[in-house]
Amino acid sequence: MKRTASILLIFLLLPAVCGISPLYAHAKNRPVTLTIWELSVNESLMQNLIHKFELENPGIKVNLQQLTWEYGLDKFIISLAAGNAPDICELGTTWIAQFAQAGALLDITDHVSEDKDKYFLWESATYEGRIYGVPCFAGTRVLFYNKDLFQSAGLDPEQPPRTWDELIAAARKIYA
């Protein structure tokens, strides 16, 4: 699933997750402000998505705060302890169990049941059989390389690079 489509899916699920009716009836009577913390998506892309969402949903304002993976977990833990957590956030898949077990995440299993068969990777947002988030994207963590290019450059095609430095050195030899 494309990253943009996944983020839009998150916004489509906001009404159910946040207790706002699908037609945003509550927002017509009183303003709603949602705070979202995000770690991976380009800020300008997020701002564009938020702008579109706000235009389509008058009365709902979304405040975005970009976090880094380096300090994001600490910020989440501190905010939960202080009772100041965001309404919506991106979490690392390895954090789901920790926060779900602590009761810090909303169980959205019933809200996503119709969408579950349309998308994949729900396991990453599931803890003890219940769903606590919407999987938004996945990255490839496998190195693919062309053995013929390695051989043509005088590199051993059976010994792929094991570090970034080795990968850069191999690329320089291939494209020298």
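What follows is a working chat about a predicted model, covering its sheet, one of its helices and its aromatic side chains.

Trainee: Starting with the sheet, how many strands are in it, and in what order?

Mentor: In this predicted model, 3 strands form an open sheet in the order S2-S1-S3, and the pairing is parallel. The edge strands are S2 and S3 (88-89), each of which pairs on one side only.

Trainee: How many bridges join S1 to S2?

Mentor: There are 7 bridges between S1 and strand S2, which covers residues 60-66, and the two strands run parallel. Within that pairing, Trp37 has Gln65 as its bridge partner in S2, while Ile36 stands opposite Leu64.

Trainee: And how does the chain get from S1 to S2, is the crossover right-handed or left-handed?

Mentor: The chain leaves S1, passes through H3 and arrives at S2, and this β-α-β crossover is right-handed.

Trainee: Let's look at H3, then. What span should its residues give, and what do the end C-alpha atoms show?

Mentor: Helix H3 runs over residues 43-56, and at 1.5 Å a residue its 14 residues should span 20 Å; the end C-alpha atoms are 20 Å apart, which agrees.

Trainee: Which residues of H3 are buried?

Mentor: The buried residues of H3 are Met46, Leu49, Ile50 and Phe53. Seen down the helix axis, the buried residues of H3 fall within an arc of 100°, so they line one face of the helix.

Trainee: What does the face turned away from the buried side carry?

Mentor: That face of H3 carries Asn48 and Leu55, both of them exposed.

Trainee: Changing topic, how many aromatic pairs does a search of the whole structure find?

Mentor: The search finds 5 aromatic pairs. In one of them, the ring centres of Trp37 and Phe76 are 5.3 Å apart and the planes are at 45°, so the pair is tilted, given that tilted covers angles from 30 to 60 degrees.

Trainee: Why does that pair tie together separate parts of the chain?

Mentor: Trp37 lies in strand S1 (residues 32-38) whereas Phe76 lies in helix H4 (residues 69-82), so the pair ties together parts that are 39 residues apart in sequence.

Trainee: Are those two buried or exposed?

Mentor: Trp37 and Phe76 are both buried.

Trainee: Which residues form the aromatic cluster?

Mentor: One cluster is formed by Trp37, Trp69, Phe76, Trp95 and Phe99.

Trainee: What lies over the face of Trp37?

Mentor: Lys75 lies over that face, at 5.0 Å from the ring centre of Trp37. Trp37 therefore comes up in several places: this contact with Lys75, the tilted pair with Phe76, and the bridge to Gln65 in S2.

Notes:
Residues are numbered from 1 along each chain as its sequence is written. This is a predicted model: local features need pLDDT of at least 70, side-chain atom pairs count only at pLDDT 80 or more; totals for chains, interfaces and linings use all residues. Side-chain values use heavy atoms; hydrogens and water are left out. Rings of Phe, Tyr and Trp (its six-membered ring) pair if their centres lie within 6.5 Å; planes under 30 degrees apart count as stacked, over 60 as edge-to-face and the rest as tilted. Helices (H or I, at least four residues) and strands (E, at least two) are DSSP runs, numbered from the N terminus. Buried means under 20% relative accessible area, exposed over 50%, partly exposed in between (1.4 Å probe, protein chains only). A charge sits over a ring if NZ of Lys or CZ of Arg is within 6 Å of the ring centre and within 35 degrees of the ring normal. The expected span of a helix is 1.5 Å times one less than its number of residues. The arc is that of the directions from the helix axis to the C-beta atoms. Two strands pair if DSSP finds at least two bridges between them. A crossover is right-handed if, with the strands pointing away from the viewer, the path from the first strand over the helix to the second runs clockwise.
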